[in-house]
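User: Hi! I'm new to reading protein structures, and I'd like to learn how descriptions are backed up by values. Could you show me the structure and let me ask about it?

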Amino acid sequence: MVKKVAVLTSGGDAPGMNACVRAVVRSGLKNGLDMYVVYEGYLGLVQDNIVQVDRNFVSDIINRGGTILKSARLPEFKDEAVRKIAVDNLKRHGIDGLICIGGDGTFIGAKKLTEMGVRTVGIPGTIDNDVACSDETIGFDTCLNTICDCVDKIRDTTASHQRCTFIEVMGNRCGDLGLYSGIAEGVEMIITADHPIPEEEIMKTLIRLRDGKKKHSLVIVSEKTFPDLQAFVKKVQQETGIETRAQVLGHIQRGGAPSARDRILATQFGVSAIEALLQGESGICIGIVNNKIVHYDIYEALALPRNKHFNLLRIVGLVNR
Ligand code: F6P
């Protein structure tokens, strides 16, 4: 049975990570565990940036964006010798369970630690929603709402000037933020890496809209879909004669107070992670599927196909454009 458990946040920060840290710490303490936090993700494990905490440590953070534990990306963690330092540090503190909040990369790190004898649980915390074993990840809902706020504003000026604006949203290689925000904003086109639209069709659609009654248009583009969005937008303007702009929303999407939905999801995940460790589970990640909390072996979870949005794609075909 685990007695001392640590929690860390890793990879890109996501609103709701703090709420999750709070849930982990509070429910761990309630279950009689000694609770620790690791600063700066896997880097903090390697550098022994590990501190024991009490319940007050996580007071007043449920509403805060970012992560109070800080985050880092550490490609060197792929190296077994580097991981060995982390494992030794955990052993020195007597920590026998580790909860890692992050995305796919974070989970791979956790699984590797499991193979070296540390009990781990992964919690999906990323704005990208790119963890296949969960319908939703911590931060996705808040980020989606932030994108919608931004697009609402961009719409005003786009309409006033009768322009076309291409808006690039984050998501790494996952098109969910693009797809969901595009539907929520009713934009004219949604272009993601997994559902690209051929250049010729993009031009034709914009011309058709301009020649009809719609004098302005919005296009949502997922990052990593166009190698150079500014250059593409220039081409659109040249070929269609429509005044066109590109807006890259950038890191504003990752900030801000978490939505109520993200706070609740984060709390459910945090409590479930502690329960999993207490039940002797390890090398797993938590998810939510059809409103039920589920546990998956991490490797199994990473191998799952990502075909969750079939119904949404059908809607796009009917109402956008
Ligand atoms: O994984 C979250 C994310 O924001 C991605 O959407 C984006 O591709 C990446 O992180 C940006 O990373 P960084 O903040 O390190 O530039």
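User: Which residues does Thr114 touch, not counting residues up to four places away in sequence?

Analyst: In this predicted model, Thr114 touches Thr120, Ser282 and Gly283. The word "touch" here rests on heavy atoms within 4.5 Å. Thr114 itself sits in helix 4, which covers residues 104-115.

User: What makes the pairing of the Thr114 and Thr120 side chains a polar contact?

Analyst: Set the value against the cut-off: a pair of N or O atoms has to lie within 3.5 Å, with one able to donate a hydrogen and the other to accept it. The side chains of Thr114 and Thr120 make their contact at 2.5 Å, so the distance satisfies that cut-off.

User: Why are helix 7 and helix 8 called oblique to each other?

Analyst: Helix 7 (residues 199-211) packs against helix 8 (residues 229-240) at about 55°, and their axes are 10 Å apart. Angles under 35 degrees count as roughly parallel, and 65 to 115 as roughly perpendicular. An angle of about 55° fits neither range, so the two helices are oblique. Their crossing is right-handed.

User: Which residues make that contact between helix 7 and helix 8?

Analyst: Helix 7 brings Glu199, Ile202, Met203, Leu206, Ile207 and Arg210, while helix 8 brings Phe232, Lys235, Val236, Glu239 and Thr240. By class, the contact has 6 nonpolar, 1 polar and 4 charged residues.

User: How do you know that helix 5 is oblique to helix 6?

Analyst: The same kind of check works here. The axes of helix 5 (residues 140-160) and helix 6 (residues 176-185) come within 10 Å and cross at roughly 50°. That angle makes helix 5 oblique to helix 6. This crossing is right-handed. Among the contact residues are Phe140, Leu144 and Arg155 of helix 5, and Asp176, Tyr180 and Glu185 of helix 6. The contact divides into 9 nonpolar, 1 polar and 4 charged residues.

User: What are the angle and axis distance for helix 1 and helix 9?

Analyst: Helix 1 (residues 17-30) and helix 9 (residues 260-278) pack at about 35°, with axes 7 Å apart. The crossing of helix 1 and helix 9 is right-handed. Residues in the contact include Ala19, Ala23 and Gly28 of helix 1, with Ala266, Gly270 and Ile274 of helix 9. In total, 7 nonpolar, 4 polar and 1 charged residues take part.

User: Which residues are around the ligand?

Analyst: They are Arg73, Ile127, Asp128, Met170, Gly171, Asn172, Glu223, His251 and Arg254.

User: How do you know that Asp128 comes within polar-contact distance of the ligand?

Analyst: Compare again with 3.5 Å, the limit for a pair of N or O atoms. A polar side-chain atom of Asp128 is 2.7 Å from a ligand oxygen atom, so this pair is within the limit. Arg254 also has a polar side-chain atom 2.7 Å from an oxygen atom of the ligand. For Gly171, a backbone N or O atom lies 3.1 Å from a ligand oxygen.

Technical notes: Residues numbered from 1 in each chain as written. Predicted model: local features only at pLDDT ≥ 70, side-chain atom pairs only at ≥ 80, totals over all residues. Heavy atoms only, no water. Axes fitted to C-alpha atoms, helices over the stretch in contact; angles between N-to-C directions. Helix = DSSP H or I, 4+ residues; strand = E, 2+ residues; numbered from the N terminus. Parallel < 35°, antiparallel > 145°, perpendicular 65-115°, else oblique. Left-handed = near helix turned anticlockwise from the far one by under 90°. Nonpolar A, V, L, I, M, F, W, Y, C, P; charged D, E, K, R; others polar. Near = heavy atom within 4 Å.
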